Amino acid sequence: QHRPILQWTFEQRLVHSTALEFRGTVAFLLDGLPHHACGGWHASKKSAQRDAANRALAFFVGKWGEHLLESTDRSTRAPAVAKGASDVEVLQTFCAAHAACRGGVPEWTCRPAGGGFAARCQLALLGVPHTFAGGARPTEEA
């Protein structure tokens with residue numbers, strides 16, 4: 001089946017009760033994982049689309065490219081994690097040690113979803129907020 005590589009959506013809002021503004025979001029798969037990037041508010045859909053595309057390129061090519069080039073200059077090893085550590089502990093240890101996290105720690109929330117609970121983790125990678133969502137589980141502790 002044919003699907004476009006980039007999928008675009010647009011939000012609109014009314015400004016000063018006479019003019020519309022648009023914000024574009026581009027969604028795509030990167031290494032098999034879904035990603036999206038949002039732009040700012042603009043007077044035309046085309047400008048909103050360009051802004052979202054520029055922001056995505058600046059982050060995924062610019063910031064990650066710079067980070068990868070810098071990391072080749074130094075030895076990078078996975079941080080030591082205690083045997084039997086939970087996934088939450090592994091992620092916290094990774095964020096504390098990895099330069100892309102810049103010393104930030106993950107922030108967790110849990111919400112009702114699908115007859116159970118779903119956790120969301122937000123953390124900054126290279127200064128840009130990222131959100132990761134888990135599947136529904138029967139209890140908040142799971």
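**Exercise 1. Which residues is Thr 25 in contact with, once its neighbours within four places in sequence are left aside?**

Start by placing the residue: Thr 25 sits in strand β2. Keep in mind that you're looking at a predicted model. Now skip the neighbours within four places in sequence, and the contacts of Thr 25 turn out to be Gln 7, Trp 8, Thr 9, His 36, Ala 37 and Cys 38. Finish with the accessibility: the relative accessible area of Thr 25 is 13%. The cut-off for buried is under 20%, so Thr 25 counts as buried.

**Exercise 2. Work out how the elements of the protein are ordered from the N terminus on.**

Count the pieces to begin with: the protein has six strands and two helices. Then walk along the chain from the N terminus, and you read β-β-β-α-α-β-β-β.

**Exercise 3. Set the radius of gyration of the protein against that of a compact globule of 142 residues.**

Take the reference value: a compact globule of 142 residues would come in near 14 Å. The protein itself has 19 Å. For the dimensions, follow the C-alpha trace along its principal axes, where the spans are about 60 × 45 × 40 Å. Next, check burial: 20% of the 142 residues are buried. Then turn to contacts with a separation of 6 or more, of which 24% link residues 24 or more positions apart. As a last step, look at the outside: the accessible surface is about 10,400 Å², and carbon and sulfur atoms account for 55% of that.

**Exercise 4. Find the salt bridges of the protein and say where their partners lie.**

The count to aim for is three salt bridges.

- Step one: pair up Arg 23 and Glu 11, whose side chains meet at 3.0 Å, N to O. Arg 23 belongs to strand β2 (residues 19–30) and Glu 11 to strand β1 (residues 7–15), so this bridge ties together parts twelve residues apart in sequence. Arg 23 is partly exposed at 24% relative accessibility, and Glu 11 is partly exposed too, at 36%.
- Step two: go to Glu 21 and Arg 13, which form a salt bridge with their closest N and O atoms 2.7 Å apart. Arg 13 has a relative accessible area of 37%, which makes it partly exposed.
- Step three: move to Asp 51 and Arg 55, a salt bridge at 3.0 Å, N to O. Both sit in helix α1 (residues 45–72), and being four residues apart there, they are separated by about one helical turn. Asp 51 counts as buried at 16% relative accessibility, while Arg 55 counts as partly exposed at 45%.

**Exercise 5. Add up the charges of the protein and say how far apart their mean positions are.**

Tally the charges: there are 15 positive and 12 negative ones. Take the mean position of each set, and the two points lie 7 Å apart.

**Exercise 6. Describe the surroundings of Cys 110.**

Locate the residue to begin with: Cys 110 is in strand β4 (residues 107–113). Check how open it is: at a relative accessible area of 31%, Cys 110 is partly exposed. Now list the contacts beyond four places in sequence, and for Cys 110 you get Phe 117, Ala 118, Ala 119 and Glu 140. Last, look at Glu 141: this residue is 31 residues from Cys 110 in sequence, and the C-alpha to C-alpha distance between the two is 9.5 Å.

Methods. Residues are numbered from 1 along each chain as its sequence is written. This is a predicted model: local features need pLDDT of at least 70, side-chain atom pairs count only at pLDDT 80 or more; totals for chains, interfaces and linings use all residues. Side-chain values use heavy atoms; hydrogens and water are left out. The radius of gyration is taken over C-alpha atoms; the globule rule is 2.2 Å times the number of residues to the power 0.38. Buried means under 20% relative accessible area, exposed over 50%, partly exposed in between (1.4 Å probe, protein chains only). Contact means heavy atoms within 4.5 Å. Accessible areas come from the Shrake-Rupley method with a 1.4 Å probe; for residues, only the protein chains shown count as cover. Lys and Arg count as positive and Asp and Glu as negative; His and the chain ends are not counted. The place of a charge is taken as NZ of Lys, CZ of Arg, CG of Asp or CD of Glu. A salt bridge is a side-chain nitrogen of Lys or Arg within 4 Å of a carboxyl oxygen of Asp or Glu.
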